[in-house]
Protein chains: 2
Amino acid sequence: MIVQQYKKMLEGKSVIRELSEFATERGKEIGYDNVFDYSLGNPSVPVPQQFTEAITDLLKSKSSVELHGYSPSLGIPSVRKKIADSLNNRFGMNYTADHIFMTSAAASALAHALRCVTVPGDEVLAFAPFFPEYRPYIELTGTVFKTVPADTESFQINFEVFEEMLNEKTMAILINTPNNPSGAVYSVDTVKRLAELLLAKEKEYGHDIFLISDEPYREIVFDGVKAPYISAFYDNTLSCYSYSKSLSLPGERIGYLAVNPACTDAGLIAAMCGQISRGIGHNCPSSIIQLAVAEVLDLTADMSVYETNMNLLYNQLTELGLSCVKPGGTFYIFPKALEEDAAAFCRKALQYDLVLVPADSFGCPGYFRMAYCIETKKVSRSLSALRRFVRETY
Amino acid sequence: MIVQQYKKMLEGKSVIRELSEFATERGKEIGYDNVFDYSLGNPSVPVPQQFTEAITDLLKSKSSVELHGYSPSLGIPSVRKKIADSLNNRFGMNYTADHIFMTSAAASALAHALRCVTVPGDEVLAFAPFFPEYRPYIELTGTVFKTVPADTESFQINFEVFEEMLNEKTMAILINTPNNPSGAVYSVDTVKRLAELLLAKEKEYGHDIFLISDEPYREIVFDGVKAPYISAFYDNTLSCYSYSKSLSLPGERIGYLAVNPACTDAGLIAAMCGQISRGIGHNCPSSIIQLAVAEVLDLTADMSVYETNMNLLYNQLTELGLSCVKPGGTFYIFPKALEEDAAAFCRKALQYDLVLVPADSFGCPGYFRMAYCIETKKVSRSLSALRRFVRETY
């Protein structure tokens, strides 16, 4: 018999996917160029040319066995070393290759991090608004997923409620800054306060509380904002990174887990991830992609378009009277809907070919997300649709 | 606290890895060319030139977003379709794209297949000798791994013991033909008898028993032998495939799970795998590698060297009086050691710089494995070492 748990999951529908499919269908009718599709967080800017050159050079210069042979299950040692060095230079850390575990992007890094520090029955806390996939990621490990309601003033952390929710079963806190969907970047003050609280609770409970930091948007920050490097503030941090957004290659499935060298059992965790991999069928990312990424570690795609788009949208939305925290990074903006039921709001927007995502599944009812990783021209054209929608409807 | 289960696993040592490390160290002393390293199953022949050309063409002809954008979590639809067509042409099946789920090679296909059809507490049976990683693959899902002792006469199936071991808790049977480590290829008779027995037991127990068929060596078969396509004989079959061996690209982590269109819930299983992926952090293999492999589906690397090596070794081993079933495929040979303790036998062989792997962890004590995916010249040179070892020791 096939397993009922997964069969049942097929009945659940992803709002984001449904909206994205609507946009595609509608595009067939009126031309996709005329659908203002803000549904999907799929990077729109090209990969850096140096990445393409790196693959081409590898294909020319390396033997097939060097290039396509088995990578050790923790990743290719030279690649791990380069990543450690790059992080040390950029963030003043002291990683060695032994602290870096190569993963099939952030989803895989999170899957390993969760299994490293929790067992079924433990509690994992995350802060709303959160990426909806966190729920299956966490619940399918057998742990209990609890979410702290959003601080909608700033999309920083609602510390009062958070502190009440912490308890002896709390083994890990999952954070995501710069944040999908809010675009908020945790301030140094937020991160320091978080670290202090967790240290106190570790002492009180007599066990570690790990901070699992999901950082795929780390490099997408806007003028004047600097994203604090989380692990520098709290020793028991596992940083989960993906090159999907910063290098615009989400299909290549490449990222890593970086173990803070000062955390409990720091020297064992990457190796433990290799053991976890045996149970979940992960055997490191593609070898040629590992080698190519290692050549462009400190580059990013040209992401200035995201900031341009953000400013266009932020100005228009606030001018129309929507309440909205100005994003400090990512390619998302997260305004409050103009009626309590964000799903109804987004349904009405569809009549103006505006595809907006209601944020109930992000744990923040009444809000909606716009993923503005699309051409600036289209963003500009969408503004009049936004104006008409709001003025004619509210 | 980090999870003790995985921490403990770090204490376990892989005999294969230890021997491989010995070979590398010894190589530094006497030159790796003089170490007859039969430890690792790492393909030694180059990837087909057409694969390299396919990647190069893709980099030139496709936009970055087409090439490196998100693949759907079940895999790229056009790639799934091409694989279905190829399997239909070659094996007379009637797969559609909906029956194909793209995976990070066979390990990932097995991880999904196991989770599709078993829950913790169920029993999964495999036949000795078996790939040692099957134990963690299976046990870490929470199911019970039971192994049927080897039929050492032929390395087909020991049906008497197998039938005794089947019971109501048996939910899946894991087979691997052509087999690592024996090199045996199950005959049509074996596969038919297996299918008949499982059908009868399904009826008796009133539930499905799935056959999980691990087929990375499907294309490596020798003169006169044809590997039956397992799924053609038994409807409830999930075929787990990897291009690692046939295309010599184990580092690229690419393969698939093919769901027999006549199996229970055939239309749901690939989609269910997408749900399973959410829990284990698998999000399909690299997009460029999917697209490149789709261009060379019916090609293989030039694997004739494996048959040449097999014949050299088989003739020498039998001439020296070692008992050995002639391999029908793979790049392994699996002789009986000349003393009861295969580990002691292999230790003594090290003095002749012969790196052989004792088969206790393969579930077949008293035997040893030689992985002859190395240069034929080296195999030839190793024969005199083999002769000296056996004649001077036994």
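**Exercise 1. Work out how strands β7 and β8 of chain B pair, then place them in their sheet.**

Step 1. Strand β7 (residues 237–242) of chain B and strand β8 (residues 255–259) of chain B run antiparallel and share 5 bridges. Strands count as paired if DSSP finds at least two bridges between them. Helices (H or I, at least four residues) and strands (E, at least two) are DSSP runs, numbered from the N terminus.

Step 2. Take one position: Leu238(B) faces Val259(B) in β8(B).

Step 3. Widen the view. The open sheet has 7 strands, ordered β2-β8-β7-β6-β5-β3-β4 (chain B), with mixed pairing. Its edges are β2 (100–103) and β4 (144–148) of chain B, each paired on one side only. From one strand to the next, the twist averages 20°.

A note on the source. This is a predicted model: local features need pLDDT of at least 70, side-chain atom pairs count only at pLDDT 80 or more, and totals for chains, interfaces and linings use all residues. Residues are numbered from 1 along each chain as its sequence is written, while chains are lettered from A and ligands numbered from 1 in the order in which they are written.

**Exercise 2. Describe strand β2 of chain B: its partner and the directions of its side chains.**

Step 1. β2(B) pairs with β8(B) in the antiparallel sense, over 4 bridges. Within this pair, Phe101(B) has Leu257(B) as its bridge partner.

Step 2. Sort the residues by direction. Ile100(B) and Met102(B) point one way; Phe101(B) and Thr103(B) point the other way. All of these are buried. Buried means 20 or more other C-beta atoms within 10 Å of a residue's own, exposed means 12 or fewer, and partly exposed lies in between; C-beta atoms are placed from the backbone.

**Exercise 3. Find the helix α10 of chain B on the sheet, then analyse its packing with α6 of chain B.**

Step 1. Helix α10 (residues 266–280) of chain B lies across β2 and β8 of chain B, at about 150° to β8(B). Axes are lines fitted to C-alpha atoms, for helices over the stretch in contact, and angles run from 0 to 180 degrees between N-to-C directions.

Step 2. Helix α6 (residues 105–117) of chain B packs against α10(B) at about 105°, the axes being 9 Å apart. α6(B) is therefore roughly perpendicular to α10(B). The classes are: under 35 degrees roughly parallel, over 145 roughly antiparallel, 65 to 115 roughly perpendicular, the rest oblique.

Step 3. List the contacts (C-beta atoms, placed from the backbone, within 7 Å). From α6(B) come Ala111(B), His112(B), Arg115(B) and Cys116(B). They meet Ile269(B), Met272(B), Cys273(B), Ile276(B) and Ile280(B) of α10(B). By class, this contact has 7 nonpolar, 1 polar and 1 charged residues. Nonpolar covers Ala, Val, Leu, Ile, Met, Phe, Trp, Tyr, Cys and Pro; charged covers Asp, Glu, Lys and Arg; the others, Gly among them, are polar.

**Exercise 4. Inspect the backbone of chain B at Ala105(B), Asp265(B) and Pro129(B).**

Step 1. Ala105(B) is not a glycine, yet its phi is positive, about 65°. Ala105(B) sits in helix α6 of chain B. It is buried, with 25 other C-beta atoms within 10 Å.

Step 2. Asp265(B), also a residue other than glycine, has a positive phi near 55°. Asp265(B) belongs to the loop between β8 and α10 of chain B. It is partly exposed, with 16 other C-beta atoms within 10 Å.

Step 3. The peptide bond from Ala128(B) to Pro129(B) is cis, with omega near -5°. Pro129(B) lies in the loop between β3 (123–127) and α7 (134–139) of chain B.

**Exercise 5. Relate chain A to chain B and characterise their contact.**

Step 1. A turn of 180° and a shift of 0.0 Å along the axis lay chain A on chain B with an RMSD of 0.0 Å. The fit is by least squares on C-alpha atoms of residues with pLDDT of at least 70 in both copies. The two copies are thus related as by a two-fold rotation axis. In chain A, the C-alpha nearest the axis belongs to Ile280(A), 3.0 Å away.

Step 2. Count the contact: 64 residues from chain A and 64 residues from chain B. The chain A side divides into 33 nonpolar, 23 polar and 8 charged residues.

Definitions and conventions:
Contact = placed C-beta atoms within 7 Å.
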